Structure formats: C-alpha cells, structure tokens
Amino acid sequence: MGDYHFVYKDVEGASTQWDDIQRKLGNLPPKPASFKPPPFTPSDDPDLRPKSKSWIDDRTADELEDLEDDPDLDDDRFLEEYRKKRLAEMREAASVARFESVVPISGSDFVREVSQASRDVWVVVFLYKEGIPECELLLQCLEDLAKRYPATKFVKIISTDCIPNYPDRNLPTILVYNNSAVKATYVGLHHFGSRKCTPESVALALCQSDPVLNDGRSGDSSKYEVIEGVRKRFIEKVVRQHEDGEDEYSSD
C-alpha cells in the first residue's frame, strides 16, 4: 500500500495561538498582511453613458445614422427627434458650397462668378490694385473672414478690369452681390475703421443690414446668430485694444 502524505494548509493569513505567542517572543517573523483585492471600479465605456443632447452633438453623420435603431433613443422621443434634426442639418451643411479663400478673377469671369452665382450665396467682390497699402490691409481682413465664413463667396479683381478707368483714389472698394444684384457698396477704407480696420470691423460693416456672412450652417436662425457673433467679437476686440492701450500707458 502506498505511502500517502497529507499536507494541511490553513486559510491564507490565519494564525494559531501558538504562533502568536512565538511572534511575541521573537521566535517567528511578523505575520504577513492578508491579501485584499483592490475595490472594483467599472471601466468608463462611452457607449454605456446616458445619452443626451450634447452627446448627440458630438456624433458624426455616419454615427447618427447608425443610431436609428438604438433602443435608448427609441425610448426617448426628444432625443430621437433631435437626432433626426441634427442629421438633417449636417446633410444640408455638407451640400452647401464652401469657398474658404479670396478667389482672384478677371473681367471675363465676372458674370459667371458673381452675377450668375447661386441665389443663396452672398458674393463679396474686392476691387483693388497692387502696391496700395490700404488694399493690402483690407485683403488680409477678407482672407481671414473667408476662412471663418466658408459659405460666403469672396473674390478679388483688379479695379480697372472690373470697371474701366476706375480711379485709384476710390480704392479699396467692396461690392456685395446677392441674387445677381448689388446689395451694398463700400468705397474706401474708412467704412471699416481706416488703418485700424480688423476682420471684426469689416465683418460688422458687411452685416449691418443683411446676413452677408455665412458660416455654412443651415437655417435663418444660424444667419442671425452669425450677425450677433460678429457684433460680440467686434465689441470684445475693441475692449481688448482699449485695455492693451491702458496697460501700455501705465507702463510708460
């Protein structure tokens, strides 16, 4: 018959009274600390978070389409309606023409690029000549605005290519077109703050009566939000310049 050996192991961390006495006498090393697993913390899974309006705002168009049969949205009528609205807005915005720069044109391009532009596109025509400092300053502002408001079309044309014998003393000049008609004319830099003109002051002048600047979002409310945003940025710019001027004066 085989020789069987049984080795008894107590629960980890358990100790006998004899062991405790021996530890007090220094005959055994200190009792090791019992193992305690760290507290359980569930991982932060974005897909498990409660869905909200801001959560939907962060989704792409493809992700919004994939959410069509999401049970969480099916149970929340508001979120489902908002998802459909956001998806429609994103699709419409994607279909809007985006220009994003000041495009040079010639006299032969004018009818096609300006007069025949789409009815829902505002066109800002910049008349200029090389070597005139005021033209260079205003062009810098327009290039900035073209990036901020990509659904507004900005073009530049040498003044005499657009209007024969147009006097240099009238430069720079801006013509604003919409639906084949001239909606506004700005002759000279003084309309925009003269030498102190900024993209904000130019934007404010362009939007005084019409929502000329378009950021590419859909809806009339967006157009007027743009106008309010232009006014707000202009005021903030003026306040910053005033504060900077006071700081410079106090340092002197």
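This is a guided tour of one protein structure, with a suggestion at each stop of what to select and a note on what is there.

**The whole chain**

Keep in mind from the start that this is a predicted model. With everything displayed, you can look for ten helices and five strands in the protein. Of its 252 residues, 33% are buried. Among the contacts whose partners have a separation of 6 or more, 64% are between residues 24 or more positions apart.

**Helices H7 and H9**

Next, select residues 133-148, which form helix H7, together with residues 199-206, which form helix H9, and look at how their axes come within 9 Å of each other and cross at roughly 75 degrees. An angle from 65 to 115 degrees counts as roughly perpendicular, and H7 and H9 are therefore described in that way. To see the contact itself, show the side chains of Leu138, Cys141, Leu142, Asp144, Leu145 and Arg148 on H7, and those of Pro199, Glu200, Val202, Ala203 and Leu206 on H9. Sorted by class, the residues in this contact are eight nonpolar and three charged, with no polar ones.

Now keep H9 alone in the selection and ask how many of its residues are buried. Eight of the eight are buried, so H9 is largely enclosed by the rest of the structure. The list includes Glu200 and Ser201 as well as Val202 and Leu204.

**The cysteines**

Return to H7 and select Cys141, which takes part in the contact with H9. Where is the nearest cysteine sulfur to Cys141? The sulfur of Cys197 is the nearest one, 3.9 Å away, and Cys141 is in no disulfide. A disulfide needs two cysteine sulfur atoms within 2.5 Å, and by this rule the count comes to zero disulfides. Cys141 has a relative accessibility of 4% and counts as buried, whereas Cys162 is partly exposed at 22%.

**Aromatic pairs**

A search of the whole structure finds three aromatic pairs, and two of them are good places to stop. Select Phe126 and Tyr128, whose ring centres are 5.5 Å apart and whose planes are at 5 degrees, so that the pair is stacked. Phe126 is buried, with a relative accessible area of 1%, and Tyr128 is also buried, with a value of 10%.

Then move to Tyr186 and Phe192, where the ring centres are 5.5 Å apart and the planes make an angle of 45 degrees, an arrangement that counts as tilted. Here Tyr186 is buried at 12% relative accessible area, and Phe192 is buried at 2%.

**Backbone details around strand E4**

For the last stop, switch to a view of the backbone, remembering that most residues other than glycine have a negative phi, and most peptide bonds are trans. Select Leu171 and Pro172, where the peptide bond from one to the other is cis, with omega near -5 degrees. Pro172 lies in the loop between helix H8 (159-162) and strand E4 (173-178).

Follow the chain along E4 to Asn179, which is in the loop between E4 and strand E5 (181-187). Asn179 is not a glycine, yet its phi is positive, at about 55 degrees, and its relative accessibility of 38% counts as partly exposed. Ser180 lies in the loop between E4 and E5, and this residue, again not a glycine, has a positive phi of about 70 degrees. Ser180 is partly exposed, with a relative accessible area of 48%.

Note on methods
Residues numbered from 1 in each chain as written. Predicted model: local features only at pLDDT ≥ 70, side-chain atom pairs only at ≥ 80, totals over all residues. Heavy atoms only, no water. Buried < 20%, exposed > 50% of the residue type's maximum accessible area, 1.4 Å probe, protein only. Axes fitted to C-alpha atoms, helices over the stretch in contact; angles between N-to-C directions. Helix = DSSP H or I, 4+ residues; strand = E, 2+ residues; numbered from the N terminus. Parallel < 35°, antiparallel > 145°, perpendicular 65-115°, else oblique. Contact = heavy atoms within 4.5 Å. Nonpolar A, V, L, I, M, F, W, Y, C, P; charged D, E, K, R; others polar. Phe/Tyr/Trp six-rings, centres within 6.5 Å; stacked < 30°, edge-to-face > 60°.
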